[in-house]
Amino acid sequence: AAIKKYQFDVAVSNVSRLCHAKPIVVVNGRFPGPTIYAREGDRIIVNVTNHAQYNMTIHWHGVKQLRNGWADGPAYITQCPIQTGSTYAYDFNVTGQRGTLWWHAHILWLRATVHGAIVIMPPAGVPYPFPQPDQEAELILGEWWNADVEVIERQGNGLGLPPNTSDAHTINGKPGPLFPCPEKHTYVLEVDHSKTYLLRIINAALNDDLFFAIAGHNMMVVEIDATYVKPFSTATVVVAPGQTTNVLVRADQPPGHYFIAARSFMDVPLPVDNKTAIAVFQYKGTAAAAGTIPAMPRLPAPNDTTFVADFQDKLRSLKPVNVPASVDRRLFYTIGMGVNPCPTCANKTRLVGSLNNITFVMPEVALLQAHYNHVRGVYRLDFPDRPTKAFNYTGAPLTANLGTSQGTRLGRLAFNSTVELVLQDTNLLMVESHPFHLHGYNFFVVGRGIGNFDPANDPAQFNLIDPPERNTVAVPTGGWTAIRFRANNPGVWFVHCHLEVHTTWGLKMAFLVEDGDGPDESVLPPPTDLPPC
Ligand code: C2O
């Protein structure tokens, strides 16, 4: 295995989109930032130097960080931020992982512009378990705001301001021809006829599930969240914030220009869709026919939940997987939005997100450090296994449940125990699809349904043979998702909705996984350059 070293200089840079320049925080002057390339088993060292005015951290989304939460990155969960003018070296291995992951800032809303791809190839000489592509490309789907960075940031402070929605979606940082100044800001993927391309699609958008399609070309889905799936063909891919999807596409159509589109999947679509990002799938040496516009792909309707459910049903692990068959610990968490009093807020209330009616309060020192150093009083280990107030989760709203309690409460998991977590959406304030991300682990998505989870009958339908294995799962609107994993990675691991606005409002918690008794079953000592709190 090799050691791959990268230097990330985080700094403010003037970037122009939609005919409008503004200062944004980027890595190495690039938006999106640089791709990290490695092979399975490599050690990666990223030296992050912070020249920006914001204290910040970087998270390597999907890297398991076995015993090594010090390199995970979520601010105040595993580390305190890298102060302006300071450097921290994220040092980690990608053992037993290959595929597409990504990295992003993990504090405030900086990940809007501070993000990039992680490409982990199989070990040298090991082929992909699908037809070998001729070429590969990363396609990072994101969002662009015309507003000043500070205005976007301010929404990140949890005051419950109305959503500051973006002005455009982007593909590799570019919104494309539906927006002003397209000549400079359209991503073009040049292809050779008859060649096969592996596209690594990453949803780095802050707040939107996305549909992705290429006019005139079907895609073969082969990998999600860096795990192989049984290949299937589709005209449209659905990818939730935090997720990645690898597809094979063959350039086998009449040579020309074809539009690639990324558009929101929304339960409650906006009356006008004014954010669709367009890129071009362009056969080399061809010109767009004069005076014509390349064809748009036909995407499902913005609220086509049936298409999304069918797509998710097709996701199966390539081979039978090792799902925990017996469960030591059953957890049931309700996802809710609520309203709490806020004496200092303009209208005296603020919007909050909650799990089991608890709004997570960020600590001021890092939880992993507090755990490792036995510092008391930073968190409580009493996150309830199920909601204290049972109700009809997807039926008529109970206004009594709109208020939440607040606290830095963690769920304790015994080392190596097998865990089942059912995430239940509720109709508290708003029903929405929530992409849930678990740090430190992959998990198996064993079941999913609409309405209230039925513990007596639903588990009989669980797929324990070839469920998809991922790090981020979309909990369906007004429904539930069940995941299973083995708690074999000691440390403190963040669990949160990957819609940034919800995370900010407190839709998050953390697991504390105890050390095991074996020699290699405890949290590693912290690196000496870990940022001070
Ligand atoms: Cu991709 Cu906690 O994040």
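Here are legends for four close-up views of this predicted model.

**View 1. The stretch from 10 to 123, as annotated and as modelled.** An unreviewed UniProt entry carries the annotation "domain: Plastocyanin-like", and it covers residues 10-123, 139-285 and 383-516. Pick out residues 10-123 and you'll be looking at 46% strand and 0% helix. The C-alpha atoms at the two ends of that stretch sit 30 Å apart.

**View 2. Three domains along the protein chain.** The domain assignment splits the chain into domain 1 (1-126), domain 2 (130-317) and domain 3 (329-513). Taken over C-alpha atoms, the centres of domain 1 and domain 2 are 22 Å apart.

**View 3. Where domain 1 meets domain 2.** Which residues do the touching here? On one side 28 residues of domain 1 take part, and they are in contact with 33 residues of domain 2. On the domain 1 side, the elements giving two or more residues are β2 (20-27), β7 (99-105) and β8 (115-121). Sorted by class, that side of domain 1 has 15 nonpolar, 9 polar and 4 charged residues.

**View 4. Inside the largest nonpolar core.** This core has 148 residues, and L141 and A510 are the ones with the most contacts inside it. Strand β18 (residues 257-265) gives the most to the core, with 6 residues. Now zoom in on A510: which residues is A510 in contact with, leaving aside neighbours within four places in sequence? The set is I77, L367, L410, V492, W493, F494 and V495. As a general point, nonpolar side chains tend to be buried together in soluble globular proteins.

Note on methods. Residues numbered from 1 in each chain as written. Predicted model: local features only at pLDDT ≥ 70, side-chain atom pairs only at ≥ 80, totals over all residues. UniProt positions renumbered as here; feature names shortened; annotations may be inferred. Helix = DSSP H or I, 4+ residues; strand = E, 2+ residues; numbered from the N terminus. Domains from an automatic or database assignment. Contact = placed C-beta atoms within 7 Å. Nonpolar A, V, L, I, M, F, W, Y, C, P; charged D, E, K, R; others polar. Core = buried A, V, L, I, M, F, W, Y, C linked by C-beta atoms within 7 Å. Buried ≥ 20, exposed ≤ 12 C-beta atoms within 10 Å, placed from the backbone.
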